[in-house]
Every structure is written in C-alpha cells, then in structure tokens.
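Biologist: Please give a close account of a single part of this structure, beginning with how one judges whether a residue is covered, and then set that part beside others that can be described in the same terms. I am new to this structure, so a connected explanation would be welcome.

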Amino acid sequence: MNVIEKNITLRDGRVITLQTGKLAKQADGAVMLTMGKTMLLATVVSAQEAGPDVDFMPLSVDYKEKFSAIGRFPGGFTRREGKPSDYEILISRLVDRALRPLFPDDYHAETFVQVTLYSADEESTPDCLAGLAASAALAVSDVPFHGPISEVRVARVDGQLVINPCKSELAKADLDIMVGATYENIMMVEGEMNEVSEKEMLEAIKFAHEAIKDHCLVQMELAKEVGKEKRVYCHEVNDDDLRKDVWEKCYDKCYAVARQCNADKHLREKLFTEVRDQYLETIPEEEREEKTMMVGRYYHDVEKEAVRRMILDEGLRLDGRTTDQIRPIWCEVSPLPGPHGSSIFTRGETQALATATLGTKLDEKIIDEATEQGKEKFMLHYNFPPFSTGEAKASRGVGRREIGHGNLAHRALKRMMPDNYPYTVRVVSDILESNGSSSMATVCAGTLALMDAGIPIKKPVTGIAMGLITDKGCEKYAVLSDILGDEDHLGDMDFKVTGTEDGITATQMDIKVDGLPYEILEKALEQARRGRLHIMNIIKQTLPAPRPDLKPHAPRMVTMTVDKDQIGAIIGPGGKIIQDIQDKSGTVIVIEEVDNKGIVDISAANAESIAIAVARIKAIVAKPEVGEVYEGTVKNLAAFGAFVEFLPGKDGLLHVSELDNKRVENVEDVLKEGDKIKVKLIGIDPKTGKYKLSHKALLPKPEGREDNGERRRDSRGPRPERGDRPARGPRPERRDK
C-alpha cells in the first residue's frame, strides 16, 4: 500500500491533509481530506469510452453528508440517509460549476465525482473543502483535466477577511462568498453580503485567490508524486474539410441572421436553424446521417463566432440593443386577490409571478441535516415550468436548477427582511416566460410581493445578469447588461448581481474564459450597479414603499414577552389553559423560551380575536398590586368568608367583615360559588404571601362615617382642647390585693 500525504497550512495555523493510496483504490482517483475532525472522501470514476452520439461532457457531481459524521441519527421512519437535501445539492452545484469548464472540449465519457462527509464537528464548515477534495481526486487520477482548482469561503468578520471561517465566526460576517479558481484564473463566485461596495467584493475575491494558489501548488506536488499518466482517448470523429466547408458556407448567413436584430427569441432560433438545415440539404443523402452530428458541432461554433464578432465589432446585440441597454420593463402589484402579497415583473421576454405568504411559528421550515439543525423563518421557492421556454414536456418536480436559482434570490432578499419580524414568510416565484436571468426577475418580483404584503423590508432589492464577450487575450471585450439566454450560452461570463441602492446583497458568477483581468470584472460590476439602479427606479414607480398595513385577509400577530417562570401558568396542566384560550379566542398561540424569557406569539384572522387572547394572557401573568381592583370569581365559601380568584391562578381571602359596611351574619346569604364580584386587594401577608381582599372598600360609605369608619362629630361641635376639659380629680389609689 503506497500511501501519499501532502499538507496545506492555512494562515491561521490550521492544517489540511490530502491523503491518497489508502482508501477507495478501485476508483480512478480517491483522496481523503482531513482538517481537524472534518474528513471528506472524494472519488472520481470516468468511463473508458464515450456513449454513442454524445457530444457533450456528461459530468455528475454529488456531495453527501453522513449523519454518523456528527454522531446523529437521520430523521424519518427508515432512519437512513435519503434523497439529497437542498444544502447538499447547492454544494454539489458549487463544485460542478468550478470543475466542468476545465475538462477538455472533446472529452465525452460519463464521469462521476462523489464527495462524502464522513466526520465533522459542530464548528466545521465542510462545504468550503468539497471543491478542494474533488479536484485532488481528479489530480491523482488518469482522467484528463485542466486543473487543479480549489474553493474557499471568504468572510469578513469584524472588518477582517477570513479564509474558511468556523460557524461562530460566520454568524458575525457581513460578507460571505465562496470562490473557486485555478492557479491562474477565477472560475466561480457565489455568496451574500450586507450591502457591500463593488470594491469590497473585488478585494474579497482577490484575497480568496491568493489562498487558492497555495492549494493548487500542493495538489500539483501530490499528482507528481503519484505519477499517474492521463489516459489517451478519442471521443470525437472530425472532418477538417467538412469543418472548413461549414464555415465558408454558413458564416455569412449566420452573421446576416444575427444582424437582423430580431427581439423574438423563437423566430431568431428558427432562422438560425434554417441556415443549418439548408447546409445539410447540400450533403448527399447517403452521407447525411453520418455527418449530421459533426455538422451540428461545427455549425454551433460558426453561429457562436458570428454573434460574438457582431457584438465586438459593431456593438450590436441579437435583439438590437446596445451593450449597456436594458430591455423594456413593466411591473404590477396585487394581480392576485387571494395571496397576502403578489406581483408580476416582466423584463423583455422574461416574466416572474411572485406571491408572498405570511404565517406563524408553526409554519417555520425545520432544518434537520447532518451538520445543521434549526428553523428558517424566511423561505423563497423558485419554479421553472417547461412552458416558460415553449418546451412541450411535463414538469417533474423541483430540479437542481430550481434549487440553485431560488437560493440565489433567497440570499439576495433575506438580509433586507425586518429584524425580529414575528411572521414566517414564504415567497414563491413562478417563471412564466424565460429568456435571460429568471433568477434576477425573481429578486425584483419578490421585492414587490413583499412590499405589497405590507412587510416592512429595510430596502428594496433588484438584480441584473451581466455577460461578457472577449477575443483572444481579452484585448477587445464587451460587457453586456441584462443578457439574453443566447448571450449566456455563447458568452464568456455569466455574472448576476443583486443589491439595494447602497450596496450588493448577493452575487453569482461563472467565468468560462482564461485570464480574465480584474479590470474587466471591475467594469462589469460598475455597469451592473447602473443597471440595478435603473431597475430600482421602475420598481419604486410601481410601489414606492411597503404598504402601511397587511391585507385584510392576512393573519394578524402580536408578540408578548413574559417571565420564564410564567410560561407554565399560561400553558396550564396538560396544556389546558392555553387550549382554552385558543378555543375561545380563535387564535394560534406559540410559546418559546429565548434568553430566559418567554416569547408568546399570538396570531389570528382579526384583531378582535387577538385582543381577547392578549387580555387572557395579561391577566395570567399580571402581578397582584395592593390597591388594584379586580373582577373575581368566588371559588369556595367558608364560615369566615369566601375565597375569590381575582387573577388566573391567584386566590385571595374575602373575609366576612370585608363583604359589606353592615354586619353579615352568614356568607351564604350574600355569595355563592361561581359568582362574579369586584374586589380590591388590600394586603399581602409578607410571610405567607396570602392575599387579603375587600368588597366593602369599593362600596359607598354610609352616612355619618369617615373613611376610617368613625362617626362624624360635626353635629356635636368641635372636640374641646385638652386644656379646656374639666378636671377629673386625682385617680383613686389601687386597692392592695
């Protein structure tokens, strides 16, 4: 067994170990990555031959976390890991986006990359190590790959940039991005920020790249020591004469179609397809079937080059816009009467219908993953039905694309949600049309739906997708605002940026070209900022600010804070009291203990129901005060008085002498159990804590009595002064006993 290890020392002293030759030796490549208690096994297996008629890279990347890694049982009836969680899918996508562009264009064998978390601790963030592990497995394999790469997380904590922070540090970060890169070039960026500037984001990307360079150097050393040769393959059959003929006969026609600047996506696709089909008709029928795939491959390159040259040389785009021009936008709020908030955002041929729903704590999303447990109060779900692009196929549930796009929009909006907002909020974006960045349309539609629902978001958020066209060496380039689907497919960069008027809140970037200078990124960010502000003006014209109140049919909610020891009194034995309050008021009440306080959330369909519940709870938690008057209920009778419940769970003695100004011989002549009676709290025994009540203190005073009960002396005149009284004489002597 030839075990080889290499170490990467981070700037804070932590050590990452890459080990190969010990585990999973039948895979084409396998590496165990270890950092502290975190251990990730990455494997890669690639088929020896490409499948028939495959002219693309069939790559599958899967990231999986074992619950045993943290010493936990999976949930559910089967108690075993099931389908990937959204979190695992998002990490799989991050790794895929960094790896996929680096496989040779002519390599078409099915390739599977699997990264599995086998050990973790409470503070670890294994997601930022998955890309490094996957790349290392490819580096030691015989699979062709133009790497290595690595991925790191950069967070800004207390004003300082940190590489791969722990969870406690990440909770305080105002910038959190994942960056993937080779030694030379940035490949992928994704993350969220708290309204940072374009300059600050670029600084974080550069900071990440410096760390990634160290990771790449160690992988090169590891691959060199393993010494495995890359495989020889032949997955494409090419015909140089045919390639040349396709270019000569189709390029000018493609350029002419592009030059028509047709804004209709489907008509444009039809015209481009006709050019290809017309060329195929020129091939003898007996050769046509054999050469159709090659013609399609060569024609794709011709179409791509024609569109790119038109943009670079003439500054014209497929739909006739200039490079920084944004398509026409129209918006509408409250198009749907049923939801708590709704909106439509349309930009060119991209349209999103968004709804906002308000709920209680019972509606919170429960997070139960291997390394993460908790609840989520703000959710955003994105749906991309096939009809949005004119495809004739059925919807088959939520795919990785929907999860990834929805996550980007969620990140864009979540930091603008109001602090300590009592409601659970769900935004759903359904894409009705798509031709260029439906995720950014989701951000804009989501902002409008939240404001239409009356949710007091801190600031509106908008988003824009940027593109890039370059020639060799980036000597000539064009940054494109609000890209079309075709420009995304044919371009060199897809760069999505969301933010408020004051800064960036989220970003996602995929770069498909080597050696992209930071100066171009800087220009793209500035052009994106101007585009966002343009869209922001339209958003504010549609709805300037959140509505001042919720919709009439939206649930109402009030939050109360009580002492920790009062929670039991509100709930009652077996939940009897809280259930009674909910039944009689028509409310939903949820109680949580937070920071040694009881947080009581009360929700209902109307304010009257909430008022009833609030009054009941206030009465339960109220502290008796001497001198206060209460509406009490007679609970028990005794010869010496009655026991009256004057507050929920609090009884006091109403002595017979405190019933009335006149003498009461028999308590039962005046009261019976269940009677309502107003009482005044006149005392609390300091030793026993027992309460003394009086009804007499609330009755009018009888004629001739002062407040202290003595008869008035007005009719007898003033009491004589002591010196005016007649002398009594000497006191008689006491008789001796």
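Modeller: A residue is called buried when its relative accessible area is under 20%, and exposed when that area is over 50%. The model under discussion is predicted. With this cut-off in hand, R153 can be placed: its relative accessible area is 6%, so R153 is buried.

R153 belongs to strand β7. Its C-alpha atom lies 7.4 Å from that of P165, a residue 12 places away along the chain. Apart from neighbours within four places in sequence, R153 is in contact with several groups of residues. These include T125, D127 and C128, which come before R153 in the numbering, and V162, I163, N164 and P165, which come after it. The list is completed by L170, D176, I177 and M178.

The loop that leads from helix α2 to β7 contains P148. The peptide bond between G147 and P148 is cis, with an omega of about 0 degrees.

On the other side of that loop is α2, which spans residues 130-139. This helix deserves the closest look. Of its 10 residues, 10 are buried, and α2 is therefore largely enclosed by the rest of the structure. Alanine recurs in the list of these buried residues, which holds A130, A133, A134, A136, A137 and A139. The others in that list are G131, L132, S135 and L138.

What surrounds α2? One neighbour is A42, which is in contact with A133, A134 and A137. A42 itself lies in strand β4, residues 38-46. The C-alpha atoms of A42 and A137 are 6.0 Å apart, although 95 residues separate the two along the chain. A42 has a relative accessible area of 0%, and it therefore counts as buried. Beyond the residues already named, A42 is in contact with G29, A30 and V31, and also with Q114 and V115.

Another neighbour of α2 is helix α4, made of residues 198-226. The packing of two helices is described by the distance between their axes together with the angle between them. For α2 and α4, the axes are 9 Å apart and the angle is about 30 degrees. Because angles under 35 degrees count as roughly parallel, α2 is roughly parallel to α4. The two helices cross in a right-handed sense. On the α2 side, the residues that meet α4 are L132, S135, A136 and A139. Their partners in α4 are H215, Q219 and A223. Sorted by class, this contact has four nonpolar and three polar residues, with no charged residues.

A second helix pair offers a useful comparison. Helix α8 (residues 400-414) and helix α9 have axes that come within 9 Å and cross at roughly 45 degrees. That angle makes α8 oblique to α9. The crossing of α8 and α9 is right-handed. From α8, the contact draws on R401, H405, L408, A409, A412 and L413. From α9, it draws on S438, S439, M440, T442, V443, G446, T447 and L450. By class, the contact of α8 with α9 has seven nonpolar, six polar and one charged residues.

Helix α9 covers residues 438-452 and has 15 residues. From its first C-alpha to its last it reaches 20 Å, close to the 21 Å expected. Like α2, α9 is mostly covered, with 15 of its 15 residues buried. Its two ends are also worth noting. Ahead of the helix, S437 is in the loop between β17 and α9. S437 is not a glycine, yet its phi is positive, at about 45 degrees. With a relative accessibility of 12%, S437 counts as buried. After the helix comes G454, whose phi is positive as well, near 85 degrees.

N596 provides a contrast in burial. It too has a positive phi, of about 60 degrees, without being a glycine, and it lies in the loop between β23 and β24. The relative accessible area of N596 is 52%, and N596 is therefore exposed.

Lastly, helix α1 spans residues 86-99 and reaches 20 Å from first C-alpha to last, close to the 20 Å expected. Of its 14 residues, 12 are buried, among them E88, R93, D96 and R97.

Note on methods
Residues are numbered from 1 along each chain as its sequence is written. This is a predicted model: local features need pLDDT of at least 70, side-chain atom pairs count only at pLDDT 80 or more; totals for chains, interfaces and linings use all residues. Side-chain values use heavy atoms; hydrogens and water are left out. Helices (H or I, at least four residues) and strands (E, at least two) are DSSP runs, numbered from the N terminus. The expected span of a helix is 1.5 Å times one less than its number of residues. Buried means under 20% relative accessible area, exposed over 50%, partly exposed in between (1.4 Å probe, protein chains only). Axes are lines fitted to C-alpha atoms, for helices over the stretch in contact, and angles run from 0 to 180 degrees between N-to-C directions. Angles under 35 degrees count as roughly parallel, over 145 as roughly antiparallel, 65 to 115 as roughly perpendicular and the rest as oblique. A crossing is left-handed if the near helix is turned anticlockwise from the far one by less than a right angle, and right-handed if clockwise. Contact means heavy atoms within 4.5 Å. Ala, Val, Leu, Ile, Met, Phe, Trp, Tyr, Cys and Pro count as nonpolar, Asp, Glu, Lys and Arg as charged, and the others, Gly among them, as polar.
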